[in-house]
Structures are given as C-alpha cells and as structure tokens.
Amino acid sequence: MKKHTRLLPLLLAAFLTVGLCACAGEKTTPEATIPTAQSAATTLPTEAAPETTPATTPETRMIVDGNGREVEIPYTVESIVCVGVGALRYTCYMQGQDLVVGVEDYETKAGMSRLYNYVNFDRFGSLPVTGTNGEPFVEEIINVGPQVIVMSSYASVDPNELQSKTGIPVVMVPGSDTTLDDKAYETIRILGELYGKEDRAEELTVYLHGIEKDLAQRVEGIPEEDKPTAYVCGVSFKGAHGFEGTEAFYGPFELIQANNLANTTGQTGAFDIDLEQVLQWDPQFIFVDFNGMSLINEDYAANPDFYNSLTAVQEGRVYSQISFRSSASNLETALAAVSYTHLRAYYAATILYPEQFADVEIEAKTGEIFETLLGSNPYNDLKESGYEFKAVTIGE
C-alpha cells in the first residue's frame, strides 16, 4: 500500500504536465485563436483607405475692376445688367449678350449706327428697361435681379453707392470713346475675367492688335508732306451735327495716321468749327458721317455756293463714313470705316493711300471685322439702308 501511495502523486504530476503542454500548443496555433468581441472591435486594418471628399466649386470669387475695387461676385456669372455707354457694347463683343436681363431705354430702339444692338435686337428690344443714358433705375434693376451690374466709366452714379442701394455687386469697366486705346483693351480683359471668357478676350485682343499693326505698317514711312489733307464732317456728339461738326484726333484717322486738319486747331475730341476755317483749309478729301448727312444736305440747299467753292466737292473727292459714334464709339464700324476709307478695305486709305492699300477688298475686310466682333455680318443690311462706304455727292 505504501508503494502505490507513493506513485499516485507522480502520475498526477505527469498528467498535469502533458495537459499543460497540450494547452500551450493550442495557444500558439493561429487557427485556434478566437478574438473576443472587444478585441475584434478595436482591430484596425494595416493600411486604412483615406476618406475622400468630393471637390466643390466655390460659390464666389473676387475680381478687381477698372477702378481698382475688389468686388466679390458669383463664381459663375449667369445674369447681368449694363449701366453706361460702352458696357453693353463690349459685352456683345465678348459674346456675353445672352447674360443680359435688362437694358437702358435707347437699347429698346433698333439703330443701324449701333450694330451690336442691331444684330441682337430680337433679344434687347423686349428686355425690361433698367436705366437711361447711364442713370440706373434702382428698383427696376432689383426687380430683374441680375447677379452682377456692369458699369462703364461714363455712367452717372458712384459704383459703391449703386452696390449699396441694390445689394448687387457692381463691376466697373473703363469703356472707350475712341477706337483702340488702352481703355478698350482693359475693358475686354476685365469682361473676359468676369464672364469666364478669358479665351475670347485673348482672341479679340490678338485680332485687334493685328488690325492696328497692319494699318500702321501700311502707312509707315509715308512722309508727312505726302499725306493728303482730310476733313471729316457730320460727326455726332451730343446729337447730330452738320458740316461744322468735326473731330480732332478722329479715331479712324488716327489709326492710319491721316493728315486730319482738325488736329491743327488745338482742340481735342468732337466740336463745331467755324466754316470759314474749312474754306481756308480747302481740304483735298472730305469724309461725311452718315449721321449728319441730312443736315448737310439741308444746308447745301440753302448755301450751295459755300460747298461748291470747295475743291474736294468740285472734283468729287467726298466720301462716306458709316457712323461709328453713337452712344460712344462702336469699334466694328470705326475699324471698318478705316478699312474702307483708308484701305479700300481699310476705303479712305485706298483713296488717301491707294498704293499702300491696293490689295485690300473693302467688303471682304468689313465682313471679317463684323464677323469677328459681332458674330454676324450686317453689311448688306447697311447697304440696303443707304449706309455704304462710297463716294457721295453733297446735296443729293
């Protein structure tokens, strides 16, 4: 009995050792590991995929306008009202006419002297009237609810004041009362940024610089003494004017460096001149703005001797200018007028400088300019209405 009693603890110890080894083996086998609920919840993948947030378009952006004002505007501009001469014209050049939801009163009347209006009249003629001659109608602007008001420097109200009254951002553009100056190009640039049409702004800028370069190169090197004298009459400013209405530094003449007699007066811009001065000058070429033609013809009926004493009238050197100044300057007709008159496609130039412009076909060049700036070519409509680049007879 004592012998068996002595063996029992040894056997129990052996069994316990084997059991413990077996348990230890089970713990080192991965398949046998069963995580608890808590450990499963806290276990993370080795490389968690980063969370992505869809890109969103900002609601607004900032623009610096022609007055150096920082203006907060919608990120995408979809509706505008234009205030002041030039704002709507340049908007049309920038192909932004479909954004317009209100116009000044004179835009509801079709005008051949404002071709941007003529080609878009189906739209502009039926829009609500939101101002007159640069004076905005605040309540009407609020009623049509544009996202942005585009104002030219020719408007008669302070942009900050209008912005405060309407609660609508006002973006100023310089506009231009001549042809291709820095203000014209700056207006194109600002509107390109405003409308999200930077490519159009670049295209137009390159094209217009090309026009300037072409004109300048053709007349480069012509001695001043070889340039014939020219007088433009019937120029519109604050209404129609007759033979006395002329202009110093007349835009189309400046582009071709013409010998404009009005430049010698010390005046700038459009003005009425003493007709005795014109008699003393006796210009070699006379260009008549269609806007003043009826007044000139009426005056001819009363004073034929004055006109018939001018050499240019006697020798048939009187030519038309399609009106380009109506609510400031219209580039398309200003450039075409240069084309026709001084290029025969840029017409006084084929007359003033026939050798330099002999290769230019006026109607083709005019059509190109109209298509580029207006998106269509209304030259045939102009001709049918009597507004044509041609030699004219005063009094008929």
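Mentor: Let's begin with a yardstick: a residue is buried under 20% relative accessible area, exposed over 50% and partly exposed in between. Keep in mind, too, that this is a predicted model.

Trainee: Thanks! With that in hand, does K383 count as buried, partly exposed or exposed?

Mentor: The relative accessibility of K383 is 26%. Buried would need a value under 20% and exposed one over 50%. K383 therefore counts as partly exposed.

Trainee: Which residue meets the side chain of K383 in a salt bridge?

Mentor: The N to O distance in this salt bridge is 3.0 Å. The pair links distant parts of the chain, 20 residues apart, with K383 in helix α18 (residues 379-384) and its partner in helix α17 (residues 362-374). That partner has a relative accessible area of 32%, so it is partly exposed as well. The residue is E363.

Trainee: Staying in helix α17, what separates E368 and K365 along the helix?

Mentor: These two form a salt bridge, with their closest N and O atoms 3.2 Å apart. They are three residues apart in helix α17, which means the separation is about one helical turn.

Trainee: And of E368 and K365, which one is buried?

Mentor: E368 has 31% relative accessibility, so it counts as partly exposed. Its partner has a relative accessible area of 16%, and the limit for buried is under 20%. The buried one is therefore K365.

Trainee: Which residues do salt bridges that share partners join into one network?

Mentor: Here the salt bridges share partners, and that joins the residues into one network. Its members are E186, R189 and E193.

Trainee: How many salt bridges does the structure hold?

Mentor: Besides the ones we have met, there is a salt bridge between the side chains of R317 and E315, at 2.2 Å from N to O. For the structure, the count is 12.

Trainee: Let's turn to helix packing. Is α8 roughly parallel or roughly antiparallel to α9?

Mentor: The axes of α8 (residues 182-195) and α9 come within 7 Å and cross at roughly 165 degrees. Angles over 145 degrees fall in one class, so α8 and α9 are roughly antiparallel.

Trainee: Which residues in α8 meet α9?

Mentor: α8 passes α9 in a right-handed crossing. On the α9 side, the residues met are E198, A201, L204, T205, L208, H209 and E212. Facing them from α8 are Y185, I188, G192 and E193.

Trainee: Where does K227 sit, and is it buried or exposed?

Mentor: K227 lies in the loop between α9 (198-219) and β9 (229-233). Leaving aside neighbours within four places in sequence, its contacts are I222, Q257, N259 and Y353. The relative accessible area is 4%, against a limit of under 20%, so K227 is buried.

Trainee: How many of the residues of β9 are buried?

Mentor: On one side of β9, T229, Y231 and C233 are buried, and on the other A230 and V232 are too. Both faces are thus covered, and the count is five of five.

Trainee: Which strand do four bridges join to β9?

Mentor: β9 pairs with β11 (residues 259-260) in the parallel sense over two bridges, and A230 stands opposite N260 there. The strand with four bridges also runs parallel to β9, and its F287 is the bridge partner of V232. That strand is β13.

Technical notes
Residues numbered from 1 in each chain as written. Predicted model: local features only at pLDDT ≥ 70, side-chain atom pairs only at ≥ 80, totals over all residues. Heavy atoms only, no water. Buried < 20%, exposed > 50% of the residue type's maximum accessible area, 1.4 Å probe, protein only. Contact = heavy atoms within 4.5 Å. Pairing = 2+ DSSP bridges. Salt bridge = Lys/Arg side-chain N within 4 Å of Asp/Glu carboxyl O. Axes fitted to C-alpha atoms, helices over the stretch in contact; angles between N-to-C directions. Parallel < 35°, antiparallel > 145°, perpendicular 65-115°, else oblique. Left-handed = near helix turned anticlockwise from the far one by under 90°.
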